[in-house]
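Please look through the sequence and the model below before reading on. The paragraphs that follow move from one pair of rings to the packing of the helices.

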Amino acid sequence: SDRYVVARIMEYVNAHLSKNFLLSDLASESYMSVSKFKYVFKAVTGQTFSEYLIQKRMEYACELLIHSNLYAAEIANLVGYKNEGSFSTQFKKYMGMLPREYR
């Protein structure tokens, strides 16, 4: 049942990457404490929730950079970053290059 709960949360997150997620909300939605949610999520996925969220946001950003003509600021917003600067910093840390270099 833990796998089902985590799979449901993952589906929700993947469909709403632009949202800000609070672990307390996700844990409550899963009928778990925050610490149990963190433990179960990592046990099921092998990643912390924040690692998973960054991975999914970066994968979607890469897709948008390659297959759209959206500005980096628009992509940043679509993948849940408040501004282009924080998005570019995270993108470089994750991908090893800036979004414009990736494109």
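In which helix do Phe 87 and Phe 91 both lie, and how many residues apart are they? The model is a predicted one, and in it both residues belong to helix H6, which spans residues 84–95, where they are four residues apart, or about one turn of the helix. Both Phe 87 and Phe 91 are buried.

The structure holds nine aromatic pairs. In one of them the ring centres of Tyr 12 and Phe 21 are 6.1 Å apart and the ring planes stand at 80°, so this pair is edge-to-face. The two partners differ in their surroundings, since Tyr 12, with a relative accessible area of 32%, is partly exposed, whereas Phe 21, at 14% relative accessibility, counts as buried. Phe 87 and Phe 91 also form an aromatic pair, but a tilted one, with 5.7 Å from centre to centre and 55° between the planes. Tyr 12 and Phe 21 belong, together with Phe 37, Phe 41, Phe 49 and Tyr 52, to one aromatic cluster.

Several of these rings reappear in the largest nonpolar core, which has 15 residues and in which Val 13, Phe 21, Leu 26, Phe 37, Phe 41, Phe 49 and Leu 53 are the residues with the most contacts inside the core. At least two residues of this core come from each of helix H1 (2–15), helix H2 (23–29), helix H3 (34–45) and helix H4 (49–67), and H1 gives the most, with four residues. Apart from this core lies another, of eleven residues, among them Met 58, Leu 65, Ile 75 and Tyr 81. As background, nonpolar side chains in soluble globular proteins tend to be buried together.

Leu 26 offers a closer view of the larger core's packing. Leu 26 is found in helix H2 and, with 5% relative accessibility, counts as buried, because the cut-off for that label is under 20%. When residues up to four places away in sequence are not counted, Leu 26 touches Ile 9, Phe 21, Phe 37 and Phe 49. By C-alpha atoms, Leu 26 and His 16, which are ten residues apart along the chain, are separated by 13 Å.

Turning to the helices themselves, the axes of H1 and H3 come within 10 Å and cross at roughly 90°, which means that H1 is roughly perpendicular to H3. The residues of this contact divide into seven nonpolar, one polar and two charged: Asp 2, Arg 3, Val 6, Ile 9 and Met 10 in H1 meet Phe 37, Val 40, Phe 41, Val 44 and Thr 45 in H3.

Technical notes
Residues numbered from 1 in each chain as written. Predicted model: local features only at pLDDT ≥ 70, side-chain atom pairs only at ≥ 80, totals over all residues. Heavy atoms only, no water. Core = buried A, V, L, I, M, F, W, Y, C linked by side-chain atoms within 4.5 Å. Buried < 20%, exposed > 50% of the residue type's maximum accessible area, 1.4 Å probe, protein only. Contact = heavy atoms within 4.5 Å. Axes fitted to C-alpha atoms, helices over the stretch in contact; angles between N-to-C directions. Parallel < 35°, antiparallel > 145°, perpendicular 65-115°, else oblique. Nonpolar A, V, L, I, M, F, W, Y, C, P; charged D, E, K, R; others polar. Phe/Tyr/Trp six-rings, centres within 6.5 Å; stacked < 30°, edge-to-face > 60°.
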